[in-house]
Amino acid sequence: MKGVRRDVLLHSRRALGRRRPEAGNPFLEGLVGIAIVSAVAVGFGIVGFIAAALTALFF
Amino acid sequence: MLLIRPDRDDLRIIGYYIGKILTGVGLLQIPPALLALARSEWNSLAAFVFGTSLAIIVGQSAELRLHTRRPLEWSHGMVTAALSWLLAAIMAAVPLYLSGHFSSFLDALFDSMSGLTTSGLSVLQDLDHLTWSMNLYRHILHFAGGQGIIIVVLTLFAASGSAQLGTLYAGEGRDERIMPNIIRTARFIYTVAAVYLVLGTSALAVAMMVAGLPPGSALFEAVNIFMAAFDTGGFAPHSTSIAYYHSASVEGVITILMFAGTLSFGLHHELWRGDRRELFRNLETRTLTFTLVALTALGIVGLGRAGTFTEPLSLFRKGFFTIISAHTGTGFAVNNSVLYATDWGQLAPAAVVGAMALGGMASSTAGGFKAIRVGLSMKGLVRDIRKVLLPENALVVSTYHQRTRQILRDDTVRSATTIVLLFLLTYLGGAMVGLMTTDAAFTEALFESVSATANVGLSVGITSPDMPVLLELTYIAQMWAGRLEFMAIFAMVGYGLALMRGRT
Amino acid sequence: MSRDRPVSAQAVRQVAGAIVVVLGVIAYIVWLRQIAPQIDLAPPIPGLAEVSALVGDPLSCDAVLPDPLIPQPGVGEPVSPVARISSATANACPRLWDGRVVGYVGEVVGHVFARDGGAWIQINDDGYALQSGPLPNHLDFDGTNSGLFVWLPSEFVALVTHPGESRWQGDVLAITALFMRNDLTEGGQLTLRAIHVTSLAPARSVPRPIHGRLAISALLAMMVAGALIMRERQLHEDR
């Protein structure tokens with residue numbers, strides 16, 4: 001019985017897509033989210049600059 | 001085909017909800033009206049008061065005359081979504097036309113549809129002498145349309161049960177349920193937009209002041225540019241778009257905002273809640289990463305090969321920004337639009353067209369095929385190739401990750417490829433109309449058609465106040481259809497046919 | 001399957017009536033625009049005729065022009081432009097003009113972006129700048145704005161008294177400038193770097209007479225809208 005309940009709980013958590021319970025300051029969470037998005041955008045920018053540098057080298 | 005004729009009650013429900021939405025669209029004109037009052041822009045103020053009042057008169061008349069408690073069914077939702085976007089654009093065009101910067105009401109309708117669908121193509125004349133309040137209004141249309149005018153209006157009014165809102169939500173091209181309840185989903189979307197509004201506008205205002213704008217102008221321009229960037233719209237307060245600011249830092253902040261705008265609100269939700277792994281596992285982010293990197297490289301190489309730019313900084317600032325602008329569906333430009341045809345060679349504009357056509361993520365403010373459909377179509381193709389190569393009785397199962405691990409089903413792939421096909425046909429159809437009505441080359445006509453359908457807004461110059469009426473109507477229809485992703489419009493057409501020919 | 005109360009002829013008449021009302025409202029709005037107060041803002045710009053003639057469009061991008069004239073600092077002779085160009089010509093054939101000294105005339109619009117040694121400005125040469133004046137004071141629609149970015153050395157910045165915007169028609173300047181298709185200091189932007197600048201017409205404020213009929217229509221519409229809102233609220237409470 002215990003094993004079944006554990007499986008059900010695990011399945012429920014996965015189905016809801018949650019890895020940890022809702023907690024913490026939503027504003028701070030939002031800031032972290034924005035920081036991640038900004039970092040990814042900067043990452044693409046770095047890739048773009050590398051492409052530009054390589055293109056300038058060859059053309 | 002058996003068609004059941006809609007009865008009076010069906011039309012009543014549709015009219016009732018359209019009335020609510022039109023009332024809300026009228027209220028969008030209040031913030032620019034207040035700005036007009038503050039700046040003594042009396043004629044603009046009168047235009048907004050007239051426009052708001054007219055929308056409220058139409059909307060409230062419909063609500064009073066057509067009041068009903070009957071629940072909204074799926075077909076009602078689809079038809080309401082399609083019709084309300086069209087009627088909202090007509091109502092929103094009223095103050096624009098009264099501004100005196102459009103030579104015809106059709107031109108004003110073009111811009112209002114472009115604003116609401118976050119396209120960004122414009123036939124407004126003499127933008128550089130437009131009043132502040134009218135400029136703000138154009139950008140507010142982006143904000144409202146990007147968030148979804150139906151969901152904005154109906155959740156603010158909490159008009160009815162959330163189950164009914166779901167049909168309208170899906171009808172305007174949004175089908176991702178971030179939270180269990182539609183109203184909570186919408187409120188999360190507003191929260192994201194509000195936090196980005198505060199931070200993004202602040203960052204932009206600072207960058208603009210450093211670039212040389214006085215504080216008042218910097219704040220005004222920053223608010224407008226934020227709405228156009230985050231909602232991947234593309235209108236700008238000045239005729240030279242983002243190049244106007246002569247600032248790499250302004251371009252940098254805008255790049256981040258455009259990128260944020262093209263991410264799905266579901267992904268924002270996961271990131272905000274701490275599930276950063278979603279960024280790497282999500283099929284859409286993987287697809288978008290691949291296409292963005294590939295098209296950026298192609299675009300930059302194209303510019304280098306054409307001799308347009310030969311230095312890294314020029315290649316980066318022009319090439320990278322333009323591809324990001326195109327791929328996110330924003331449509332900001334950092335050079336004159338005619339140069340795409342006269343000075344950018346062939347490969348770079350082709351990369352731009354490819355980026356526009358693909359678009360951003362689903363359930364974001366971007367247009368185009370959407371990364372999820374590109375990803376699903378590719379996965380479906382790979383799965384089918386594996387089926388061919390493996391023994392006949394082998395069971396081939398493909399999965400993908402979109403918030404959770406999901407099995408790739410035939411109907412999912414079919415649905416994705418159907419919409420991609422519809423987009424492709426619309427791109428080509430619009431290009432044909434462009435060829436029939438102008439002297440443009442095929443590549444230029446295709447560029448403009450893709451820009452309109454994918455709600456991007458970059459232009460090679462075909463979109464102009466003197467473009468042929470047929471072409472203008474075609475682009476309006478393309479922007480409308482692209483924003484709603486076709487199904488709601490097909491439902492509306494089917495409803496109309498049923499009205500005329502259906503059996504009782 | 002049968003449905004109750006199919007759409008009747010009366011409903012069709014009601015819809016047709018609504019369409020007529022809509023068209024009538026649109027016609028009224030168009031009429032309001034047409035009767036908006038108009039002002040003649042198009043006096044001839046003094047000195048425009050003396051500036052060298054505009055190179056006509058269309059110009060073949062394969063045309064042969066004199067060798068590029070690169071101005072040297074300290075040289076006493078004024079540099080003569082190859083031709084006076086328009087922004088349309090500049091964007092149509094950027095490689096033709098690259099490195100040439102050109103003439104350009106237009107209205108300063110927007111903001112003056114001050115930098116070390118000078119400022120960036122935008123100069124438009126469309127119909128609103130040089131012919132009919134800014135909208136919406138007239139019904140001469142000349143298309144969208146068209147202009148170029150110009151770098152003004154610091155000695156010329158004072159010639160800009162007020163850029164054009166909604167309430168101002170900006171200074172009209174005639175410049176002689178080096179055409180740069182790929183200005184490296186501006187991330188590859190197409191720019192004109194001014195060598196000599198003359199003010200042809202100073203900036204002036206644009207009167208904005210109030211559109212009386214629009215204002216009255218707005219007030220009446222607001223009263224009707226208010227009445228409908230109150231009626232709807234009342235019925236909502238009754239329900």
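At what angle do the axes of helix α19 and helix α20 of chain B cross? To find out, select residues 410–437 and 442–453 of chain B: the two axes come within 8 Å and cross at roughly 130° (axes are lines fitted to C-alpha atoms over the stretch in contact, with angles from 0 to 180 degrees between N-to-C directions). α19(B) and α20(B) are therefore oblique to each other, that is, neither under 35, over 145 nor 65 to 115 degrees.

This is a predicted model, in which local features need pLDDT of at least 70, side-chain atom pairs count only at pLDDT 80 or more, and totals for chains, interfaces and linings use all residues. Residues are numbered from 1 along each chain as its sequence is written, while chains are lettered from A and ligands numbered from 1 in the order in which they are written.

Next, display the residues joining the two helices. Among them are Phe423(B) and Tyr427(B) of α19(B), and Phe442(B) and Leu446(B) of α20(B); contact requires C-beta atoms, placed from the backbone, within 7 Å.

Now select chains B and C. Their contact takes 62 residues from chain B and 62 residues from chain C. On the side of chain B that touches chain C, α3(B) provides the largest share, 14 residues. Helices here are DSSP runs (H or I) of at least four residues, numbered from the N terminus.

Finally, turn to chains A and B. Here chain B contributes 32 residues and chain A 24 residues. On the side of chain B that touches chain A, the largest share, eight residues, comes from α14(B), which spans 283–306.
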